[in-house]
Amino acid sequence: MFGADKLIGKLQSAVQGFELPKLGSEVEIPVYVVHNSLDCEDYFFIFDFEQFVGAARKGLFSRPKLLVWAGRDDFSRTTFARQFRQSFAEEFDAARMQLEKQGERKTGWFGFLKNTFGELKGASFGAFLSNLVLLVAMTSGKAVLSQILPTSWFGSKSDADKLDSAIQDTQSKVDLALEALVITLHPELMEHAYRDGGAGQRSKLDRDAWPLPQYVKKHLHDEKSGSWW
């Protein structure tokens with residue numbers, strides 16, 4: 001097992017343009033799990049990237065903190081982890097491309113590794129970046145280094161092969177962490193989840209939760225994941 005400094009040095013030699021970001025202060029990313037019906041597995045996600053994108057526009061690599069709200073939590077955690085990761089990747093990449101389109105020069109995590117895999121564009125690169133952000137959100141201290149620096153980058157593989165290996169390395173770690181993620185029940189989301197009948201576990205509600213943001217209320221019936229920033 002490499003020490004942190006040695007690991008960083010090896011990666012800087014193996015991956016052209018690599019620089020380790022300096023993590024800043026913690027920034028919350030609220031996530032709302034919205035149910036479409038009484039089926040516990042029928043839901044979508046709404047991500048609040050407002051504070052996270054705000055920090056990125058200042059060039060900051062903030063430490064993201066996931067706050068997940070739902071109306072019920074009796075769904076499969078394995079399925080939840082996979083769908084959360086995929087939806088987060090899509091919304092993260094949409095924000096990344098929008099910032100790039102706007103010509104933002106300081107984009108924090110959204111611009112990380114921009115010059116590392118320069119010839120690679122599209123969903124694969126965005127998925128990898130979002131995996132890194134999720135890993136940072138669910139680890140702490142020195143553990144972050146071993147998570148965000150894939151050892152699969154060592155050696156003389158092509159950029160495409162390095163990226164593909166890194167996605168596989170981080171994806172399994174992300175899913176395991178997401179399966180254990182704390183989910184808090186929100187009164188308004190529970191009312192929405194059981195609007196067609198039934199009763200939720202009201203004893204598990206956070207009765208001190210802030211009211212849902214207007215954006216979430218407006219999109220409760222979208223039936224597809226989304227985000228705002």
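1. At 3% relative accessibility, N131 counts as buried, and this residue is found in helix α4. In this predicted model, once the neighbours within four places in sequence are set aside, N131 is in contact with R85, I167, T170, Q171 and V174. A further relation can be given for S172, whose C-alpha lies 9.7 Å from that of N131, although the two residues are 41 residues apart in sequence.

2. Helix α4 also deserves attention for its part in the nonpolar interior. The largest nonpolar core has 47 residues, and those with the most contacts inside this core are L66, F80 and F84. Helix α4, which spans residues 123-137, gives the most to this core, with nine residues. In soluble globular proteins, nonpolar side chains tend to be buried together.

3. The surroundings of F80 can be described residue by residue. If the neighbours within four places in sequence are left aside, F80 is in contact with V33, Y43, F45, V68, F75, L178 and I183. Two of these partners, Y43 and F45, point one way from β2 together with F47. A second core, separate from the largest one, is made of eleven residues and includes I46, A209, L220 and W228.

4. Strand β2, residues 43-48, is mostly covered, since six of its six residues are buried. Whereas Y43, F45 and F47 point one way from this strand, F44, I46 and D48 point the other way, and all of them are buried. Of these residues, I46 is included in the second core, while F45 is among the contacts of F80.

5. As to the partners of β2, strand β1 (residues 23-35) pairs with β2 in the antiparallel sense over five bridges, and the bridge partner of H35 in β2 is Y43. Strand β5, which covers residues 226-228, is joined to β2 by three bridges, and these two strands run parallel. Here I46 of β2 has G226 as its bridge partner in β5.

6. Strand β3 is likewise described by its covering and its pairings. Seven of the ten residues of β3 are buried, so this strand is largely enclosed by the rest of the structure. Nine bridges join β3 to β1, the two strands running parallel, and V27 stands opposite P64 in β3. Three bridges join β3 to strand β4 (residues 183-185), again with the strands running parallel, and the bridge partner of W69 in β4 is T184.

7. A single residue of β3 may serve as an example. S62 lies in this strand and, at 3% relative accessibility, counts as buried. Not counting residues up to four places away in sequence, S62 touches G24, S25, V27, F52, A55 and W109. Among these, V27 is the residue that stands opposite P64 in β3.

8. The structure holds five salt bridges, of which some are worth setting out individually. The side chains of D73 and K204 meet in one of them, with a distance of 2.8 Å from N to O. This pair links distant parts of the chain, 131 residues apart, with D73 in the loop between β3 (61-70) and α3 (77-101) and K204 in the loop between α7 (187-193) and α8 (214-218). The two partners differ in their exposure: D73 is buried, with a relative accessible area of 18%, whereas K204 is partly exposed, with a relative accessible area of 40%. The value for D73 falls on the buried side because buried means under 20% relative accessible area.

9. A salt bridge within one helix is formed by R96 and D93, whose side chains meet at 2.7 Å, N to O. Both residues lie in helix α3, three residues apart, which is about one turn of the helix. R96 counts as buried at 9% relative accessibility, and D93 is also buried, with a relative accessible area of 9%.

10. E188 forms a salt bridge with K217, in which the closest N and O atoms are 3.8 Å apart. E188 lies in helix α7 and K217 in helix α8, so the pair ties together parts that are 29 residues apart in sequence. Both partners are partly exposed, E188 at 26% relative accessibility and K217 at 34%. With regard to the distance, the pair is counted because the criterion asks for a side-chain nitrogen of Lys or Arg within 4 Å of a carboxyl oxygen of Asp or Glu.

Conventions
Residues numbered from 1 in each chain as written. Predicted model: local features only at pLDDT ≥ 70, side-chain atom pairs only at ≥ 80, totals over all residues. Heavy atoms only, no water. Helix = DSSP H or I, 4+ residues; strand = E, 2+ residues; numbered from the N terminus. Buried < 20%, exposed > 50% of the residue type's maximum accessible area, 1.4 Å probe, protein only. Pairing = 2+ DSSP bridges. Contact = heavy atoms within 4.5 Å. Core = buried A, V, L, I, M, F, W, Y, C linked by side-chain atoms within 4.5 Å.
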